[in-house]
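User: Hi! I would like to learn how to read the features of a protein model, step by step. Could you walk me through one?

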Amino acid sequence: MDNNLLEKYLKVGSIIKTKIENSPAWVTNIIYSLSDDFIEVDIGLEKSYLENIIMIGDTIKCKYTSDSIELMFIGWITNIHTAHPQRLTIKVHQVNCFNDKRDYTRFDVYLSAVIRKDKYPPNGVFAILTNISKAGAAFLVRENIEKSIGVDDNFINSTFNFEVNLSFERIFTFDGSIVRVEPREKGMEYGVKYDYIDPHGILLLEQFLTELANEDKEFYNKRSGFWSKNSKMK
């Protein structure tokens with residue numbers, strides 16, 4: 001492991017995403033302290049960790065993104081600090097750094113969706129939307145869609161119809177092409193680029209991406225207030 005990568009790209013107060021092993025959801029968080037191979041993650045305002053019943057020894061994945069790079073690292077939880085401010089200590093044992101060549105910001109989400117061969121068949125394959133951007137999205141599927149929908153194995157660049165439940169009242173639909181497929185802990189993840197979105201869908205997508213961007217800003221503002229009282233940045 002290249003220990004220098006952590007301190008090269010991260011600092012106390014950096015916003016990162018964390019994901020507990022076997023959990024599909026990424027949680028936004030902040031670094032409380034940092035060393036060559038340890039980080040501490042503040043959980044003072046985040047209930048998701050306790051709801052997932054975290055334990056010392058659990059594996060946790062983390063990622064940090066900037067305009068130019070994406071830093072992915074994996075570690076073990078070595079301490080759970082229950083005193084205020086609550087935080088996790090993570091011993092990092094694997095770090096990978098990638099150039100971020102995406103044209104648009106990608107947001108991590110966890111929303112129900114249906115994938116169909118086209119828009120007319122009544123049935124499709126249940127999927128989870130795991131991330132979304134202005135150019136495309138990614139879906140996690142328990143079963144291989146090529147077998148469930150009935151297409152041949154050479155389905156890369158094939159077009160499908162996607163229906164995503166953005167909220168109880170908002171359904172985002174589009175036609176998209178599969179550009180990648182990768183195995184994940186809970187199934188297969190399919191990367192998709194948009195081929196066609198009707199005008200109403202474009203409006204829904206733009207509104208939704210704006211909401212996600214604003215949520216990140218609100219999170220940062222909340223953390224800033226908490227940080228001014230509790231962090232090592234004093």
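User: Let me start with strand order: how many residues lie between β8 and β9 in their hairpin?

Analyst: Happy to help, and please keep in mind that this is a predicted model. To read a hairpin, find two paired strands and look at what connects them. Here β8 and β9 form a hairpin with 3 residues between them. Strand β8 covers residues 125–132, and its pairing with β9 is antiparallel, over 4 bridges. For one concrete bridge, take isoleucine 128, whose partner in β9 is leucine 140.

User: Which strand does β9 join through 6 bridges?

Analyst: A strand inside a sheet can have a partner along each edge, and each pairing is read separately. For β9, the 6 bridges lead to strand β12 (residues 187–196), and the two run antiparallel. Alanine 137 shows this pairing, with valine 192 as its bridge partner in β12.

User: Now for covering. How many residues of strand β9 are buried?

Analyst: The general idea is to go along the strand residue by residue, then to sort the residues by the side they are on. Strand β9 spans residues 136–141, and 6 of its 6 residues are buried. Both faces are covered: one side has Gly136, Ala138 and Leu140, while the other has Ala137, Phe139 and Val141.

User: I work with ring geometries a lot. How many aromatic pairs does the structure hold?

Analyst: It holds 6 aromatic pairs. For each pair, read the distance between ring centres together with the angle between planes. Phenylalanine 139 and phenylalanine 162 have ring centres 5.0 Å apart and planes at 25°, so this pair is stacked; the cut-off for stacking is under 30 degrees. The pair links distant parts of the chain, with phenylalanine 139 in strand β9 and phenylalanine 162 in strand β10 (residues 159–165), 23 residues apart.

User: Why does phenylalanine 139 count as buried?

Analyst: Compare the relative accessibility with the cut-off, which is under 20% for buried. Phenylalanine 139 has 0% relative accessibility, so it counts as buried. Phenylalanine 162 is also at 0% and therefore counts as buried.

User: And why is the pair of phenylalanine 174 and tyrosine 194 edge-to-face?

Analyst: The angle decides, with over 60 degrees as the cut-off for this class. Phenylalanine 174 and tyrosine 194 have planes at 80° and ring centres 4.8 Å apart, so they make an edge-to-face pair. This pair too links distant parts of the chain: phenylalanine 174 is in strand β11 (residues 171–184) and tyrosine 194 in strand β12, 20 residues apart. Phenylalanine 174 is buried, at a relative accessible area of 2%, and tyrosine 194 is buried at 13%.

User: Which residues do ring pairs link into a cluster?

Analyst: Treat each ring pair as an edge in a graph and follow the edges. Here they link Phe139, Phe162, Phe172, Phe174 and Tyr194 into a cluster.

User: How many residues has the largest nonpolar core?

Analyst: That core has 31 residues, and those with the most contacts inside it include Ile115, Phe139, Phe172 and Phe174. To see which elements build a core, list those supplying members: β7 (107–116), β8, β9, α3 (145–150), β10, β11, β12 and α4 (199–230) each give at least two residues. Apart from this core lies another, of 20 residues, with Ile20, Ile39, Ile69 and Ile90 among them. Back at isoleucine 115, residues it touches beyond four places in sequence include Phe139, Val141, Ile145 and Phe162.

User: What joins the side chains of arginine 116 and glutamate 163?

Analyst: They are joined by a polar contact of 3.3 Å. A residue's name alone does not settle its exposure, and the accessibility has to be read as well. Arginine 116, in strand β7, has 12% relative accessibility and so counts as buried.

User: Last one: with which residues is leucine 204 in contact, leaving aside its neighbours within four places in sequence?

Analyst: Its contacts are Leu166, Arg170, Ile171 and Phe172. Leucine 204 is in helix α4 and counts as buried, at 6% relative accessibility. For the whole chain, the count is 4 helices and 12 strands, and buried residues make up 44% of its 234 residues.

Methods
Residues are numbered from 1 along each chain as its sequence is written. This is a predicted model: local features need pLDDT of at least 70, side-chain atom pairs count only at pLDDT 80 or more; totals for chains, interfaces and linings use all residues. Side-chain values use heavy atoms; hydrogens and water are left out. Buried means under 20% relative accessible area, exposed over 50%, partly exposed in between (1.4 Å probe, protein chains only). Two strands pair if DSSP finds at least two bridges between them. Rings of Phe, Tyr and Trp (its six-membered ring) pair if their centres lie within 6.5 Å; planes under 30 degrees apart count as stacked, over 60 as edge-to-face and the rest as tilted. A nonpolar core is a set of buried Ala, Val, Leu, Ile, Met, Phe, Trp, Tyr and Cys residues joined through side-chain atoms within 4.5 Å. Contact means heavy atoms within 4.5 Å. A polar contact is a pair of N or O atoms within 3.5 Å; within protein, one must be able to donate a hydrogen and the other to accept it, and residues adjacent in sequence count only if both atoms are side-chain atoms.
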